[in-house]
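Colleague: Could you pick one part of this predicted model and take me through it slowly? I am new to this, so please start with whatever term I will need.

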Amino acid sequence: MAQRERKLSDVLKRGYSDEELKHLYELGRFYLESGRLSRAAKIFNGITAVAPEFIPAWLGMVCVEFGLANKDQALHCAREAHKRDLNSPVATLFLITALFATGDLASAGALLGEVGDILEGNREYDTNLIRFYQAQMARFRSSAGGL
Amino acid sequence: MKLPSIRKTDPFVQAPLVTLLPTLGNLETLTGLKTFLFARYEKVEALRQAALAREDRVPEQTQAEVDMLTEVLDWLKMSPTKE
């Protein structure tokens, strides 16, 4: 995840410091985990409106849109997150999931290769990330015959 | 037969994508930002009202921020004054 330095100009421009955005994001995550998708969406949408570079809010929106069965919107939000940090394995895995959901297996497969390279180069990623990657790999292998 | 508690279920099994979202801040600290958030709400809501008074379209960013702050203030039990 790309880290940004806290700059006064950013606070003045956006109205929020990075720390304030992180606490607001936590409320969105809390609502998401509680299944209150509409409330979570308002929080994440607000954050992406004032600070589009804040990637976790885009990722939160991907979860919300999947929860609402809006696959195309989920894909849009995943692309917004991914384009802001092409080397983030989390953002890339969210995009892969959205590509699978919308039936673009070829693009999902290509990105899986990229994530594999990133994960191979660093063994410190958390267990859930590795599990999720492995699940997507299995998903790709089982559907690759249809390509 | 006693069913296993859902609380003991691995969150990854229930919602794998959600478990990948990073934990960045905390809600206790958010409660300490009440004054700032309310002031910010008043400022942005004034901008929204001004656009409506001019019969302009409210910018999407402004509306999204008002919606977010309304939600946050509701969670903080600080209902913003509405028309």
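Modeller: Happy to! The term you need is "buried": a residue counts as buried if 20 or more other C-beta atoms lie within 10 Å of its own, and as exposed if 12 or fewer do. Keep in mind throughout that this is a predicted model. The part I would like to show you is a pair of helices, H3 and H4 of chain A, together with what surrounds them.

Let us place them within their chain. Chain A has 147 residues, of which 42% count as buried. It contains eight helices and zero strands, so along the sequence the pattern reads α-α-α-α-α-α-α-α. Among the contacts in chain A with a separation of 6 or more, 51% join residues that are 24 or more positions apart. The partner, chain B, has five helices and zero strands, and 19% of its 83 residues are buried.

Now to H3(A), which covers residues 37-50. How does the span of its 14 residues agree with what is expected at 1.5 Å a residue? The expected value is 20 Å, and the end C-alpha atoms of H3(A) are 20 Å apart, so the two agree. Here the term from the start comes in: 12 of the 14 residues of H3(A) are buried, so this helix is largely enclosed by the rest of the structure. The buried residues include A:Ala40, A:Ala41, A:Ile43, A:Phe44, A:Ile47 and A:Val50. A:Arg39 and A:Lys42 are on the list of buried residues too.

H4(A) takes up residues 55-67. Its 13 residues reach 19 Å from the first C-alpha to the last, close to the 18 Å expected at 1.5 Å a residue. H4(A) is also largely enclosed by the rest of the structure, because 12 of its 13 residues are buried. Among those buried are A:Ile55, A:Trp58, A:Leu59, A:Met61, A:Cys63 and A:Phe66, as well as A:Glu65. What covers them? The cover includes H2, H3, H5 and H6 of chain A, together with helix H2 (16-19) of chain B.

Two of these neighbours deserve a closer look, beginning with H3. H3(A) and H4(A) pack with their axes 9 Å apart, at an angle of about 150°. Angles over 145 degrees count as roughly antiparallel, which is why H3(A) is described as roughly antiparallel to H4(A). Their crossing is left-handed. On the H3(A) side, the contact is made by A:Leu37, A:Ala40, A:Ala41, A:Phe44, A:Asn45, A:Ile47 and A:Thr48, and on the H4(A) side by A:Ala57, A:Trp58, A:Gly60, A:Met61, A:Val64 and A:Gly67. By type, these residues divide into nine nonpolar, four polar and no charged.

The other neighbour is H6 of chain A, at residues 89-101. The axes of H4(A) and H6(A) come within 11 Å and cross at roughly 25°. That angle makes H4(A) roughly parallel to H6(A). H4(A) passes H6(A) in a left-handed crossing. From H4(A), the contact uses A:Ile55, A:Leu59 and A:Val62, while H6(A) contributes A:Val90, A:Ala91, A:Phe94 and A:Ala98. This contact consists of seven nonpolar, no polar and no charged residues. A useful idea when you look at such lists is that an α-helix has 3.6 residues a turn, so residues three or four places apart point the same way.

Follow the chain past H4(A) and you meet A:Ala69, in the loop between H4 and helix H5 (71-84) of chain A. Its phi is near 65°, a positive value in a residue other than glycine. Is A:Ala69 buried or exposed? It has 9 other C-beta atoms within 10 Å, so A:Ala69 is exposed.

Finally, step back to the meeting of the two chains. Here 34 residues of chain A are in contact with 25 residues of chain B. H3 and H4 of chain A each supply at least two residues to the side that touches chain B, as do H2, H6 and H8 of that chain. H2(A) gives the most, with 11 residues. That side of chain A divides into 19 nonpolar, seven polar and eight charged residues. So the two helices of our close look, largely enclosed as they are, also take part in the side of chain A that touches chain B.

Methods:
Residues are numbered from 1 along each chain as its sequence is written. Chains are lettered from A and ligands numbered from 1 in the order in which they are written. This is a predicted model: local features need pLDDT of at least 70, side-chain atom pairs count only at pLDDT 80 or more; totals for chains, interfaces and linings use all residues. Axes are lines fitted to C-alpha atoms, for helices over the stretch in contact, and angles run from 0 to 180 degrees between N-to-C directions. Helices (H or I, at least four residues) and strands (E, at least two) are DSSP runs, numbered from the N terminus. Angles under 35 degrees count as roughly parallel, over 145 as roughly antiparallel, 65 to 115 as roughly perpendicular and the rest as oblique. A crossing is left-handed if the near helix is turned anticlockwise from the far one by less than a right angle, and right-handed if clockwise. Two residues are in contact if their C-beta atoms, placed from the backbone, lie within 7 Å. Ala, Val, Leu, Ile, Met, Phe, Trp, Tyr, Cys and Pro count as nonpolar, Asp, Glu, Lys and Arg as charged, and the others, Gly among them, as polar. The expected span of a helix is 1.5 Å times one less than its number of residues.
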